[in-house]
Amino acid sequence: MIRLEPRTRISPALALGVPVAAVVVALLLAAVPLAFAGVPVGAAFVLMAQGAAGSVYALTETLTRATPLIFTGLAAAVAFRARLWNIGAEGQLYAGALATVAIGAGAVTLPPVLMIPLVAVAGAAAGAVMMLVPTLLKTRFGVDEVVTTLLSNFIVILFVSMMLDGALKDPMGGGWPQSAPVLPEAELPRLVSQTRLHAGLLAALAAAVLIWAFDRFTVWGFEARAVGLNPAGARFAGIRVNATFVRVAILSGALAGLAGVSEVAGLKGNLTQDLSPGFGYTGIVVAMLAMLHPLGVVVAAVFMAGVFVGADTMGRTLGVSSYIANLIVALSLLTMLVGQLFLQWKVGWRGRPAAGGRA
């Protein structure tokens, strides 16, 4: 008889192989609708790879797309490891973007060495507040944070829409619902000339390293992992579980807010209603593919960005809908969830019981 048995040890090779296998299986499954559409599957994936990394321009576009995904992936990973379910990174991103234009579009004028940190702190604080409120509702009243963080996305986006048609509307925007551009002093510098790649990527990479170090070498990081593994056991050991949730919430929301800062100050220059095509939600997939590891988030974010950027090239060349990228993202999440099941459990065999006896 087949049964699932818990694994007593997870080897590094298995831990690395599961996400790789999940991605490979997702791509194989995505090949099925491509084949039914009459598209040469091999050529489609080659075009996708070329569109994502086949030239300097393509590579910089992929890295530009990956930057907000690193931030939102880290936001999800930090929260999920502590078993705090942050589904509101999309709204926190918009809150960070809103704070960026509120400060950086002319409220104050400072040299870039002061202006950029001020805008970053404001955006991070706005994202942190958006995550702190649902967490306090959870710790004080037991309200499910999945519901409150998810609904907060719509509240923030509607508030942003109201502000873009009101107090923050650009008087020179020709009637379009957009904010005034941030001052040049608040803009993030370009990393490669004549491309859109900006210094937000360096900030995202630094954040990943810092979160890894925080998780691995600090007491607060240990407490967050302990709460995520067993809240009751952590409380019995003397860890202040609610205080840990609050710290994790502030950090998670701040990271998502920085995604909004990087998109406005580094890429778009102003705030519009379509600033994010779903970076907050895709960040959850990034975190799951990375198995909640901060450094793995960087790799997963670059892969996801490559899928989106490469799918555009494939779609234009072969006449295939670029929504194949969304299909690959969804399949990657599903296959990763199945992979994590077999990462924690192994298939075992139990012999049939002898006549009159038990196995």
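Which residue counts as partly exposed at 36% relative accessibility? In this predicted model, that residue is Arg83. Arg83 sits in the loop between helix 3 (56–81) and helix 4 (89–104), and its backbone is a bit of an oddity: phi is positive, at about 60 degrees, although Arg83 is not a glycine. Met291 is another case, with a positive phi of about 55 degrees and, again, no glycine to account for it. The loop in question here runs between helix 11 and helix 12 (294–318). Met291 is partly exposed too, with a relative accessibility of 25%.

Stepping back to the overall fold, the protein is built from 13 helices and two strands. For 359 residues, a compact globule would come out with a radius of gyration near 21 Å, and the 22 Å found for the protein agrees with that. Laid along the principal axes, the C-alpha atoms fill a box of roughly 85 × 60 × 35 Å. Buried residues account for 47% of the 359. The contacts reach well along the chain: taking those between residues at least 6 apart in sequence, 76% join residues at least 24 apart. As for the outside, the accessible surface adds up to about 17,400 Å², and carbon and sulfur atoms hold 70% of that.

Now for the charged pairs. Side chains of opposite charge can pair when their charged atoms come close. The count here is five salt bridges. One of them joins Arg196 to Glu61, with the closest N and O atoms 2.9 Å apart. Arg196 belongs to the loop between helix 6 (145–164) and helix 7 (200–217) while Glu61 is part of helix 3, so this pair ties together parts that are 135 residues apart in sequence. The two ends sit in rather unlike surroundings: Arg196 is partly exposed, at 39% relative accessible area, whereas Glu61 is buried, at 11%.

A salt bridge also links Glu145 and Lys138, where the closest N and O atoms are 3.3 Å apart. Once more the acidic partner is the hidden one, as Glu145 is buried with just 2% relative accessibility, while Lys138 is partly exposed at 22%. Glu223 and Arg247 make a further salt bridge through their side chains, at 2.7 Å from N to O. Since Glu223 lies in helix 8 (residues 219–229) and Arg247 in helix 10, the pair ties together parts that are 24 residues apart in sequence. Glu223 is buried, with a relative accessible area of 17%, and Arg247 is partly exposed, at 25%. Finally, Arg81, Asp215 and Arg225 are linked in a network of salt bridges.

One more loop residue deserves a look. Thr272 is found in the loop between helix 10 (241–268) and helix 11 (279–289). Despite that loop position, Thr272 is buried: its relative accessible area is 16%, and the cut-off for buried is under 20%. What does the side chain of Thr272 join in a polar contact of 2.7 Å? The partner is the side chain of Asp274. Setting aside the neighbours within four places in sequence, Thr272 is in contact with Tyr94, Leu164, Pro177 and Gln178.

Definitions and conventions. Residues numbered from 1 in each chain as written. Predicted model: local features only at pLDDT ≥ 70, side-chain atom pairs only at ≥ 80, totals over all residues. Heavy atoms only, no water. Helix = DSSP H or I, 4+ residues; strand = E, 2+ residues; numbered from the N terminus. Buried < 20%, exposed > 50% of the residue type's maximum accessible area, 1.4 Å probe, protein only. Polar contact = N/O pair within 3.5 Å; in protein donor to acceptor, adjacent residues only side chain to side chain. Contact = heavy atoms within 4.5 Å. Salt bridge = Lys/Arg side-chain N within 4 Å of Asp/Glu carboxyl O. Rg over C-alpha atoms; globule rule 2.2 N^0.38 Å. Areas by Shrake-Rupley, 256 points an atom, 1.4 Å probe, with all protein chains shown as cover.
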